[in-house]
Amino acid sequence: MEIKDLIKLAIDAKKGAYVPYSGFHVGAALETIEGEIFTGCNIEIASYSPTICAERTAIFKGISEGHYGIRRIVIVGDEDYTYPCGVCRQVIREFGPNAQVIVAKDESDYRIYSLDDLLPHSFGPEALHKGDE
Ligand code: THU
């Protein structure tokens, strides 16, 4: 899928944001390595810590349906570029170590990063599998 189309889906997904505490709406749309598309929004909880970001909603929807391997993920917030939080960067590291991470304002205004740009020298699954071979 074209980046512009993924951005449109993320903008649309943002409409589902449940944000009674921050009022900050975020939408995400990802494409898996195999081409499936998943979208998500942020969901806030009154006790705060169970709050989930848009990126993780989208990623976990995919994983729960058996679709691993993120090719690219788009994030759209309110107004300015919205960069993924540290927790989401680590989750993207798990399922898309080579993913493109795209922060967008709209279909014609976006920036593309690699996950490694955003989370260099990262910790990942391989560190726990040493000696398995
Ligand atoms: N948020 C996201 O959904 N994604 C991000 O990358 C940054 C933060 C959400 C979490 C919370 O609902 C609100 O933005 C304010 O932190």
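A polar contact is a pair of N or O atoms within 3.5 Å; inside a protein, one of the two must be able to donate a hydrogen and the other to accept it. Keep that in mind as you click through this predicted model.

**Stop 1: Asn42**

Select Asn42, in the loop between β2 (37-41) and α2. Is Asn42 buried or exposed? Its relative accessible area is 6%, so Asn42 counts as buried, the cut-off being under 20%. Now show its side chain and look for polar contacts. One polar atom of that side chain lies 2.8 Å from the backbone oxygen of Phe24. The Asn42 side chain also reaches the backbone nitrogen of Val26, at 3.0 Å. Setting aside residues within four places in sequence, the contacts of Asn42 include Ala17, Tyr18, Val19, His25 and Ile52.

**Stop 2: the ligand**

Next, click on the ligand. Asn42 is one of the residues around it, and so are Phe24 and Val26. To see the rest of the shell, add Ser22, Glu44, Thr51, Cys53, Ala54, Glu55, Tyr83, Pro84 and Cys85. Colour the shell by residue type and you should find 7 nonpolar, 3 polar and 2 charged residues.

Which atoms sit by the ligand's oxygen atoms? Try Glu44 to begin with: a polar atom of its side chain lies 2.5 Å from a ligand oxygen. For Tyr83, look at the backbone instead, where an N or O atom is 3.2 Å from an oxygen of the ligand. Cys85 also uses a backbone N or O atom, at 3.4 Å from a ligand oxygen. On its own the ligand would expose 380 Å², and the protein buries 78% of that.

**Stop 3: helix α2**

Hide the ligand and select α2 (54-64). How many residues of α2 are buried? The count is 8 of 11, so this helix is mostly covered. Highlight Ala54, Glu55, Arg56, Thr57, Ala58, Ile59, Gly62 and Ile63 to see the buried ones. Among the elements covering them are β1, β2, β3 and α3. Just past the end of the helix, find Gly66, which has a positive phi of about 90 degrees.

**Stop 4: the largest nonpolar core**

In soluble globular proteins, nonpolar side chains tend to be buried together. To see such a group here, select Leu30, Ile59, Ile70, Ile73, Ile92 and Val101, which touch the most other members of the 20-residue largest nonpolar core. At least two residues of this core come from each of β1 (27-32), α2, β3 (70-76), α3 (86-95), β4 (100-106) and α4 (115-118). Which element gives the most? That is α2, with 4 residues.

Zoom in on Leu30. Beyond its neighbours within four places in sequence, Leu30 is in contact with Leu6, Glu36, Ile37, Phe38, Ala58, Ile59, Ile70, Arg72 and Ile73. There is also a second, separate core of 9 residues; Ile3, Ala29, Val76 and Ile102 are among them.

**Stop 5: Ile75**

Finish in strand β3 by selecting Ile75. Its relative accessibility is 0%, so Ile75 counts as buried. Leaving out residues up to four places away in sequence, Ile75 touches Val26, Gly27, Glu55, Thr82, Pro84, Val101, Ile102, Val103 and Ala104. You have already met some of these: Val26, Glu55 and Pro84 are among the residues around the ligand. For a last look, draw a line between the C-alpha atoms of Ile75 and Lys14: they are 61 residues apart along the chain, with 9.3 Å between them.

Technical notes. Residues numbered from 1 in each chain as written. Predicted model: local features only at pLDDT ≥ 70, side-chain atom pairs only at ≥ 80, totals over all residues. Heavy atoms only, no water. Near = heavy atom within 4 Å. Areas by Shrake-Rupley, 256 points an atom, 1.4 Å probe, with all protein chains shown as cover. Nonpolar A, V, L, I, M, F, W, Y, C, P; charged D, E, K, R; others polar. Core = buried A, V, L, I, M, F, W, Y, C linked by side-chain atoms within 4.5 Å. Buried < 20%, exposed > 50% of the residue type's maximum accessible area, 1.4 Å probe, protein only. Contact = heavy atoms within 4.5 Å.
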